[in-house]
Amino acid sequence: MPDWCHPITTALDQRRTPCKVFFRDDDAGWEDRRLFALLDLFARHGVAIDLAVIPAALTPALANALLQRIGRHGRNGIGVHQHGHTHVNHETQGRKCEFGASRDYAAQRESIESGHGVLVASFGSLADRIFTPPWNRCTADTERALRDLGFAALSRDVTARPLEGATISEIPVAVDWCKLHPAGAAPQALAARIGDALAVEHCGIMLHHAVMDDADLALLDQLLPLLRRHPMCRCVAMKDLLSGERLTAEPSAAAP
Ligand SMILES: [Zn+2]
(Lines give C-alpha, C1' and ligand atoms only; values in the text may rest on other atoms or scores of the structure.)
Protein backbone atom coordinates (compact mmCIF):
# COMPACT_ATOMS: atom_id res chain seq x y z
CA MET A 1 0.00 0.00 0.00
CA PRO A 2 1.36 3.47 -0.85
CA ASP A 3 2.21 5.51 2.27
CA TRP A 4 -0.11 8.36 1.35
CA CYS A 5 -3.11 5.99 1.47
CA HIS A 6 -2.60 5.20 5.14
CA PRO A 7 -5.47 7.44 6.44
CA ILE A 8 -7.76 5.85 3.87
CA THR A 9 -7.05 2.24 4.81
CA THR A 10 -7.19 3.15 8.51
CA ALA A 11 -10.66 4.67 8.04
CA LEU A 12 -11.88 1.61 6.13
CA ASP A 13 -10.34 -0.83 8.62
CA GLN A 14 -12.36 0.84 11.39
CA ARG A 15 -15.70 0.33 9.67
CA ARG A 16 -18.13 -2.46 10.49
CA THR A 17 -20.20 -2.09 7.33
CA PRO A 18 -18.98 -1.19 3.84
CA CYS A 19 -18.89 2.45 2.79
CA LYS A 20 -20.37 3.12 -0.63
CA VAL A 21 -17.93 5.21 -2.63
CA PHE A 22 -18.68 6.94 -5.91
CA PHE A 23 -16.67 9.17 -8.23
CA ARG A 24 -18.36 12.13 -9.96
CA ASP A 25 -16.28 13.66 -12.74
CA ASP A 26 -17.54 17.08 -13.82
CA ASP A 27 -17.39 18.97 -17.11
CA ALA A 28 -17.61 16.20 -19.70
CA GLY A 29 -17.55 18.14 -22.96
CA TRP A 30 -14.30 19.89 -22.11
CA GLU A 31 -10.83 18.45 -22.74
CA ASP A 32 -11.87 15.12 -24.26
CA ARG A 33 -8.32 13.78 -24.34
CA ARG A 34 -8.01 14.09 -20.58
CA LEU A 35 -11.50 12.69 -20.10
CA PHE A 36 -10.62 9.57 -22.07
CA ALA A 37 -7.39 9.12 -20.11
CA LEU A 38 -9.43 9.18 -16.90
CA LEU A 39 -12.03 6.79 -18.29
CA ASP A 40 -9.28 4.40 -19.39
CA LEU A 41 -7.93 4.38 -15.85
CA PHE A 42 -11.31 3.66 -14.25
CA ALA A 43 -12.05 0.94 -16.80
CA ARG A 44 -8.68 -0.68 -16.14
CA HIS A 45 -9.52 -0.94 -12.45
CA GLY A 46 -13.16 -1.87 -12.97
CA VAL A 47 -14.45 1.07 -10.92
CA ALA A 48 -17.59 2.98 -11.86
CA ILE A 49 -17.43 6.67 -12.73
CA ASP A 50 -20.27 9.15 -13.20
CA LEU A 51 -19.89 11.97 -15.71
CA ALA A 52 -21.64 15.32 -15.27
CA VAL A 53 -22.07 16.26 -18.93
CA ILE A 54 -22.33 19.87 -20.17
CA PRO A 55 -25.11 19.58 -22.78
CA ALA A 56 -23.97 22.55 -24.89
CA ALA A 57 -20.43 21.13 -25.04
CA LEU A 58 -21.47 17.60 -25.97
CA THR A 59 -20.34 16.99 -29.55
CA PRO A 60 -21.64 14.06 -31.60
CA ALA A 61 -18.11 12.62 -31.59
CA LEU A 62 -17.94 12.68 -27.80
CA ALA A 63 -21.42 11.23 -27.43
CA ASN A 64 -20.53 8.39 -29.80
CA ALA A 65 -17.26 7.70 -28.00
CA LEU A 66 -19.04 7.55 -24.65
CA LEU A 67 -21.75 5.28 -26.04
CA GLN A 68 -19.08 2.92 -27.35
CA ARG A 69 -17.41 2.82 -23.96
CA ILE A 70 -20.71 2.26 -22.17
CA GLY A 71 -21.35 -0.55 -24.63
CA ARG A 72 -17.99 -2.13 -23.82
CA HIS A 73 -18.02 -1.71 -20.06
CA GLY A 74 -21.70 -1.70 -19.26
CA ARG A 75 -23.96 0.89 -17.72
CA ASN A 76 -22.46 0.29 -14.32
CA GLY A 77 -19.04 1.32 -15.58
CA ILE A 78 -19.86 4.79 -16.88
CA GLY A 79 -22.88 6.82 -15.83
CA VAL A 80 -23.89 10.02 -17.62
CA HIS A 81 -26.03 12.73 -16.13
CA GLN A 82 -26.69 16.43 -16.59
CA HIS A 83 -24.42 19.33 -15.65
CA GLY A 84 -25.12 23.01 -16.37
CA HIS A 85 -26.43 23.50 -19.90
CA THR A 86 -23.78 26.04 -20.91
CA HIS A 87 -21.69 26.18 -17.72
CA VAL A 88 -21.65 29.98 -17.58
CA ASN A 89 -22.01 32.29 -14.62
CA HIS A 90 -25.21 34.37 -14.58
CA GLU A 91 -24.53 36.27 -11.38
CA THR A 92 -23.22 39.82 -11.52
CA GLN A 93 -21.95 39.72 -7.95
CA GLY A 94 -21.05 37.13 -5.37
CA ARG A 95 -20.09 33.58 -6.12
CA LYS A 96 -20.34 32.06 -9.58
CA CYS A 97 -23.64 30.35 -10.34
CA GLU A 98 -25.40 29.16 -13.47
CA PHE A 99 -28.53 28.36 -11.46
CA GLY A 100 -28.47 31.19 -8.95
CA ALA A 101 -30.77 33.92 -7.68
CA SER A 102 -30.43 35.95 -10.91
CA ARG A 103 -32.50 33.41 -12.80
CA ASP A 104 -36.08 32.68 -11.81
CA TYR A 105 -37.94 29.38 -11.92
CA ALA A 106 -39.01 29.76 -15.56
CA ALA A 107 -35.51 30.57 -16.81
CA GLN A 108 -33.93 27.73 -14.85
CA ARG A 109 -36.57 25.25 -15.92
CA GLU A 110 -36.15 26.15 -19.59
CA SER A 111 -32.39 25.72 -19.30
CA ILE A 112 -32.63 22.37 -17.54
CA GLU A 113 -35.30 21.11 -19.92
CA SER A 114 -33.33 22.02 -23.05
CA GLY A 115 -30.19 20.46 -21.59
CA HIS A 116 -32.11 17.34 -20.77
CA GLY A 117 -33.32 17.19 -24.36
CA VAL A 118 -29.72 17.17 -25.57
CA LEU A 119 -28.74 14.33 -23.24
CA VAL A 120 -31.78 12.23 -24.10
CA ALA A 121 -31.17 12.77 -27.82
CA SER A 122 -27.60 11.54 -27.36
CA PHE A 123 -27.93 8.83 -24.71
CA GLY A 124 -31.63 7.95 -24.57
CA SER A 125 -32.56 6.07 -21.42
CA LEU A 126 -28.86 5.73 -20.50
CA ALA A 127 -28.93 9.34 -19.24
CA ASP A 128 -29.47 9.18 -15.50
CA ARG A 129 -32.06 11.63 -14.16
CA ILE A 130 -29.52 13.27 -11.88
CA PHE A 131 -28.51 16.94 -12.00
CA THR A 132 -25.20 18.43 -10.88
CA PRO A 133 -25.28 22.25 -10.85
CA PRO A 134 -22.02 23.96 -11.84
CA TRP A 135 -19.97 24.99 -8.81
CA ASN A 136 -22.32 22.76 -6.77
CA ARG A 137 -24.63 25.75 -6.31
CA CYS A 138 -28.29 26.26 -7.06
CA THR A 139 -31.50 27.63 -5.56
CA ALA A 140 -34.86 26.32 -4.37
CA ASP A 141 -36.21 27.18 -7.85
CA THR A 142 -33.68 24.76 -9.36
CA GLU A 143 -34.85 21.98 -7.10
CA ARG A 144 -38.49 22.67 -7.92
CA ALA A 145 -37.77 22.70 -11.65
CA LEU A 146 -35.89 19.41 -11.35
CA ARG A 147 -38.80 17.79 -9.54
CA ASP A 148 -41.31 19.17 -12.04
CA LEU A 149 -39.21 17.78 -14.90
CA GLY A 150 -39.00 14.34 -13.32
CA PHE A 151 -35.41 14.33 -12.14
CA ALA A 152 -34.63 11.82 -9.40
CA ALA A 153 -31.71 13.48 -7.65
CA LEU A 154 -29.55 16.54 -7.18
CA SER A 155 -25.81 16.36 -6.48
CA ARG A 156 -24.11 19.21 -4.60
CA ASP A 157 -21.37 19.55 -2.02
CA VAL A 158 -22.08 17.84 1.28
CA THR A 159 -21.72 21.21 3.04
CA ALA A 160 -24.33 22.95 0.84
CA ARG A 161 -27.22 24.46 2.76
CA PRO A 162 -30.59 22.67 2.53
CA LEU A 163 -32.90 24.24 -0.05
CA GLU A 164 -36.23 25.54 1.18
CA GLY A 165 -39.05 23.10 0.52
CA ALA A 166 -36.74 20.59 -1.13
CA THR A 167 -37.84 16.96 -1.31
CA ILE A 168 -35.64 15.65 -4.12
CA SER A 169 -33.00 13.05 -3.22
CA GLU A 170 -29.50 14.41 -2.85
CA ILE A 171 -26.29 12.56 -3.69
CA PRO A 172 -23.65 14.89 -2.25
CA VAL A 173 -19.91 14.87 -2.87
CA ALA A 174 -17.62 15.19 0.14
CA VAL A 175 -14.18 15.35 -1.46
CA ASP A 176 -13.05 18.00 -3.96
CA TRP A 177 -10.03 16.21 -5.38
CA CYS A 178 -8.59 19.14 -7.35
CA LYS A 179 -8.95 21.63 -4.51
CA LEU A 180 -7.26 19.27 -2.08
CA HIS A 181 -4.55 18.26 -4.51
CA PRO A 182 -3.45 21.32 -6.51
CA ALA A 183 -0.65 20.82 -9.01
CA GLY A 184 2.61 19.96 -7.31
CA ALA A 185 1.09 19.41 -3.86
CA ALA A 186 1.67 16.39 -1.66
CA PRO A 187 -1.35 14.09 -1.37
CA GLN A 188 -1.59 14.08 2.44
CA ALA A 189 -4.45 16.61 2.70
CA LEU A 190 -6.37 14.71 0.04
CA ALA A 191 -5.87 11.39 1.81
CA ALA A 192 -6.93 12.87 5.16
CA ARG A 193 -10.16 14.24 3.66
CA ILE A 194 -10.98 10.96 1.93
CA GLY A 195 -10.35 9.16 5.22
CA ASP A 196 -12.74 11.52 7.03
CA ALA A 197 -15.36 11.12 4.33
CA LEU A 198 -15.22 7.33 4.62
CA ALA A 199 -16.63 7.53 8.15
CA VAL A 200 -20.22 7.86 6.92
CA GLU A 201 -22.46 5.71 4.76
CA HIS A 202 -21.62 7.27 1.36
CA CYS A 203 -18.46 8.95 0.18
CA GLY A 204 -18.64 11.02 -3.00
CA ILE A 205 -15.36 12.07 -4.61
CA MET A 206 -15.53 14.92 -7.15
CA LEU A 207 -13.03 15.02 -10.01
CA HIS A 208 -12.41 17.57 -12.76
CA HIS A 209 -10.57 15.73 -15.53
CA ALA A 210 -9.92 18.95 -17.49
CA VAL A 211 -7.48 20.22 -14.86
CA MET A 212 -6.10 16.90 -13.63
CA ASP A 213 -2.55 16.07 -14.59
CA ASP A 214 -0.50 12.89 -14.75
CA ALA A 215 0.26 13.11 -11.02
CA ASP A 216 -3.47 13.00 -10.25
CA LEU A 217 -3.92 9.97 -12.46
CA ALA A 218 -0.97 8.26 -10.79
CA LEU A 219 -2.62 8.74 -7.38
CA LEU A 220 -5.91 7.38 -8.66
CA ASP A 221 -4.02 4.45 -10.14
CA GLN A 222 -2.95 3.60 -6.58
CA LEU A 223 -6.22 4.48 -4.84
CA LEU A 224 -8.70 2.65 -7.06
CA PRO A 225 -7.37 -0.90 -6.53
CA LEU A 226 -7.18 -0.24 -2.81
CA LEU A 227 -10.85 0.83 -2.69
CA ARG A 228 -11.94 -1.97 -4.97
CA ARG A 229 -10.31 -4.69 -2.90
CA HIS A 230 -11.04 -3.48 0.62
CA PRO A 231 -13.93 -5.45 2.17
CA MET A 232 -15.29 -2.32 3.84
CA CYS A 233 -15.62 -0.38 0.58
CA ARG A 234 -18.08 -0.78 -2.26
CA CYS A 235 -17.47 1.30 -5.35
CA VAL A 236 -20.88 2.17 -6.79
CA ALA A 237 -22.46 4.35 -9.44
CA MET A 238 -24.51 7.36 -8.39
CA LYS A 239 -27.71 5.81 -9.66
CA ASP A 240 -27.15 2.94 -7.24
CA LEU A 241 -27.62 5.40 -4.39
CA LEU A 242 -31.09 6.45 -5.45
CA SER A 243 -33.72 5.17 -3.09
CA GLY A 244 -35.59 2.21 -4.45
CA GLU A 245 -32.77 1.26 -6.79
CA ARG A 246 -30.92 -1.91 -6.13
CA LEU A 247 -27.24 -1.77 -5.32
CA THR A 248 -25.63 -3.27 -8.36
CA ALA A 249 -22.50 -5.34 -8.39
CA GLU A 250 -19.22 -3.69 -9.26
CA PRO A 251 -18.31 -3.82 -12.92
CA SER A 252 -15.71 -6.38 -13.74
CA ALA A 253 -12.25 -5.20 -14.68
CA ALA A 254 -11.74 -5.01 -18.41
CA ALA A 255 -9.28 -3.54 -20.80
CA PRO A 256 -10.42 -0.13 -22.12
ZN1 LIG B 1 -18.53 22.12 -13.75
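Are aspartate 27 and histidine 83 buried or exposed? In this predicted model, both aspartate 27 and histidine 83 are buried, and the views below begin with the metal site to which these two residues belong.

**View 1. The zinc ion and its protein donors.** The zinc ion is held by Asp27 through OD, by His83 through NE2 and by His87 through NE2, and these donors lie 2.1 to 2.2 Å from the ion. Written along the sequence, the spacing of the donor residues follows the pattern D-x55-H-x3-H. Aspartate 27 belongs to strand β1 (residues 19–28), whereas histidine 83 sits in the loop between β3 (78–82) and α4 (105–123), so this pair ties together parts of the chain that are 56 residues apart in sequence.

**View 2. Histidine 87, a zinc donor with a positive phi.** Histidine 87 is found in the loop between β3 and α4, and its phi is near 55°, a positive value in a residue that is not glycine. As a general rule, most residues other than glycine have a negative phi. Histidine 87 has a relative accessible area of 12%, and because buried means under 20%, histidine 87 counts as buried.

**View 3. The largest pocket and its lining.** The volume of the largest pocket is about 800 Å³. Its lining is made of 31 residues, of which Arg95, Trp135, Asn136, Arg137 and Ala160 are the closest to the centre of the pocket. Two or more lining residues come from each of the elements β1, β7 (175–176) and α6 (177–180), and β1 gives the most, with 3 residues. Sorted by character, the lining residues of this pocket divide into 12 nonpolar, 7 polar and 12 charged.

**View 4. Tryptophan 135 at the largest pocket.** Tryptophan 135, one of the residues closest to the centre of the largest pocket, is placed in the loop between β4 (127–131) and α5 (140–148). Although tryptophan 135 is not a glycine, its phi is positive, at about 60°. With a relative accessibility of 29%, tryptophan 135 counts as partly exposed.

**View 5. Helix α8 and its start.** Helix α8 (residues 214–229) contains 16 residues and reaches 23 Å from its first C-alpha to its last, which is close to the 22 Å expected at 1.5 Å a residue. At the start of α8, a side-chain oxygen of aspartate 213 reaches to within 3.1 Å of the backbone nitrogen of alanine 215. Further along, the buried residues of α8 include Leu220, Leu223, Leu224 and Leu227. In general, an α-helix has 3.6 residues a turn, so residues three or four places apart point the same way.

**View 6. Methionine 232 beside arginine 16.** Methionine 232 lies in the loop between α8 and β9 (233–235), and with a relative accessible area of 18% it is buried. Methionine 232 and arginine 16 are 216 residues apart in sequence, yet their C-alpha atoms are 7.2 Å apart in space.

**View 7. Asparagine 64 and phenylalanine 123.** Asparagine 64 is found in helix α3 (residues 60–73), where, at 45% relative accessibility, asparagine 64 counts as partly exposed. From C-alpha to C-alpha, asparagine 64 and phenylalanine 123 are 9.0 Å apart in space, while in sequence 59 residues separate the two.

How values were computed: Residues are numbered from 1 along each chain as its sequence is written. This is a predicted model: local features need pLDDT of at least 70, side-chain atom pairs count only at pLDDT 80 or more; totals for chains, interfaces and linings use all residues. Side-chain values use heavy atoms; hydrogens and water are left out. Donors are N, O and S atoms within 2.8 Å of the metal (3.2 Å for Na, K and Ca); water is not among the atoms, so sites may look incomplete. Helices (H or I, at least four residues) and strands (E, at least two) are DSSP runs, numbered from the N terminus. Buried means under 20% relative accessible area, exposed over 50%, partly exposed in between (1.4 Å probe, protein chains only). On a 1 Å grid over the protein atoms alone, a cavity is a set of points where a 1.4 Å probe fits but cannot get out, and a pocket is an open set with protein on both sides within 12 Å along at least five of seven lines; lining residues have an atom within 4 Å of a point. Grid points are joined across faces, edges and corners, and a volume is the space filled by probe spheres set on the points. Ala, Val, Leu, Ile, Met, Phe, Trp, Tyr, Cys and Pro count as nonpolar, Asp, Glu, Lys and Arg as charged, and the others, Gly among them, as polar. The expected span of a helix is 1.5 Å times one less than its number of residues. A polar contact is a pair of N or O atoms within 3.5 Å; within protein, one must be able to donate a hydrogen and the other to accept it, and residues adjacent in sequence count only if both atoms are side-chain atoms.
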